[in-house]
Amino acid sequence: MKRQLCLIPPSGTTLHDCTADSGHSTDLGELQAFPTADGSFSLHSVHFGEAFHNSAGALNEARAKFVGPAELDRFRGGEPLRILDVCLGLGYNTAAVLGALPTPAPAVRWWGLEMDRRPLEIALAQPSFQALWSDAVLQKLVAIRDQGGWSTPGNEGQQLWGDARRMLSSIPEAVRFDLILHDAFSPQRCPELWSEEFLGALAQRLAPGGRLLTYSRAAAIRGSLKRAGLALRSLPAAPGERTGWSSGTVAIKGGAIKRAHHACEPLEQAGVTWRPLSTMEQEHLLTRAAVPFRDPDQRDLAPVILERRQQEQLHCGLEATNSWQRRWRAADANGGIGSTKLSR
């Protein structure tokens, strides 16, 4: 989502140019709407030069990369569920999770981080988007737009508008999340939200057994999550995506998972929607691609963070990523790993 798989809308699919006429923040620049293959729509940010979702389907992506690996049935029976949505965007991930809650539903405490109000406003103005959700979910999205959240007995949500690095500290320190949905623009476009420091701060906010879910398979991101003490798992391709070696990451705290009516159990190597990192993926973490994005004070702009990383890569002494690619492409050609698409 917001990513490598669809950097610009496919030619001829732009539905509407959404200019900054709402009086709200224009941090994402001009926004252009376009349809995705599953019939849902998404947006392209001119400022970031990326789409919010891949062209295979915004709704499919939310379900495959966030709802599936969340294993929401763990919270059946009223167990509390604490969720942080990093980069709310159009609201697909939060809406898909809320719409898939088990019965009886858990008591939900939700926080959202986002710098620009317009994507949610644009989404809620689309009848096709509204039709995707139940009345209960749609009411919560409207409340986020209009009141910055909702509060009902046993169920509350709070949206924080602004730089996510700052807004995270506005959430009470004692709060620990069962799910963090991390859906920022890709690391090369928005390194501020993929830095070692920000990812470390998110990891500290996870409850035991809590999961950080993201579409990113980048070695730099996985390396930072691993150094933050999280166990890593890899996501298979989402419906409609080209087959590849991974389409995302599950990062789990404490080596335990929460199951309904049970105490924490040892973390499974493979689940319904994830698998262990392959040898190829593990070796990826030993290449220059794994040098993290660093933002020590969590205030730097993207060019500064990118230049800092580039300089570190030049002097790190790690294996060149191209060498890793050649080695595993050779293995692929010899039938060793099947159909893959290697990238940095």
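In the predicted model, R275 is partly exposed, with a relative accessible area of 26%. Its side chain meets that of E281 in a salt bridge, at 2.7 Å from N to O. The partner lies on the other side of the burial cut-off: E281 has a relative accessible area of 1% and is buried. The pair therefore joins a partly exposed arginine to a buried glutamate. E281 falls within the span of helix α9, residues 279-284.

Two further salt bridges were examined in the same way. D73 and R76 pair through their side chains, with an N to O distance of 2.7 Å. D73 has 46% relative accessibility and counts as partly exposed. R76, at 31%, is also partly exposed. R308 and D300 form another such pair, at 2.9 Å from N to O. Here R308 is partly exposed at 29% relative accessibility. D300 is partly exposed as well, at 22%. The cut-off for burial is 20% relative accessible area, so D300, at 22%, does not count as buried. R308 lies within the span of helix α10, residues 302-315.

Salt bridges also occur as a network. D163, R165 and D295 are linked in this way. The count for the structure comes to 17 salt bridges. Side chains of opposite charge can pair when their charged atoms come close.

Cysteines give another picture. The structure holds zero disulfides. C190 is in no disulfide, and the nearest cysteine sulfur, that of C87, is 6.2 Å away. A disulfide requires sulfur atoms within 2.5 Å, so the 6.2 Å separation of C190 and C87 rules out a bond between them by this rule. C190 is buried, at 7% relative accessibility. C316, in turn, is partly exposed, at 26%.

The protein contains eleven helices and 14 strands. Of its 344 residues, 54% count as buried. Contacts were also sorted by sequence separation. Among those between residues at least 6 apart in sequence, 69% join residues at least 24 apart.

Helix α8 spans residues 219-227. Seven of its nine residues are buried, so α8 is largely enclosed by the rest of the structure. The buried residues are A219, A220, I221, R222, G223, S224 and L225. R222, an arginine, is thus listed among the buried positions. These residues pack against helices and strands alike. The helices are α7 (196-204), α9 (279-284) and α10 (302-315). The strands are β10 (206-214), β11 (230-235) and β12 (248-253). Just after α8, G229 takes a positive phi of about 95 degrees.

Helix packing was examined for α1 and α2. Two packed helices are described by the angle between their axes and the distance between the axes. Helix α1 covers residues 58-70 and helix α2 covers residues 92-99. They pack at an angle of about 65 degrees, and their axes are 9 Å apart. The crossing of α1 past α2 is right-handed. On α1, the contact is made by A58, L59, A62, F66 and V67. On α2, Y92, N93, A96 and V97 take part. Eight of the contact residues are nonpolar, one is polar and none is charged. An α-helix has 3.6 residues a turn, so residues three or four places apart point the same way.

Notes:
Residues are numbered from 1 along each chain as its sequence is written. This is a predicted model: local features need pLDDT of at least 70, side-chain atom pairs count only at pLDDT 80 or more; totals for chains, interfaces and linings use all residues. Side-chain values use heavy atoms; hydrogens and water are left out. Axes are lines fitted to C-alpha atoms, for helices over the stretch in contact, and angles run from 0 to 180 degrees between N-to-C directions. Helices (H or I, at least four residues) and strands (E, at least two) are DSSP runs, numbered from the N terminus. A crossing is left-handed if the near helix is turned anticlockwise from the far one by less than a right angle, and right-handed if clockwise. Contact means heavy atoms within 4.5 Å. Ala, Val, Leu, Ile, Met, Phe, Trp, Tyr, Cys and Pro count as nonpolar, Asp, Glu, Lys and Arg as charged, and the others, Gly among them, as polar. Buried means under 20% relative accessible area, exposed over 50%, partly exposed in between (1.4 Å probe, protein chains only). A salt bridge is a side-chain nitrogen of Lys or Arg within 4 Å of a carboxyl oxygen of Asp or Glu.
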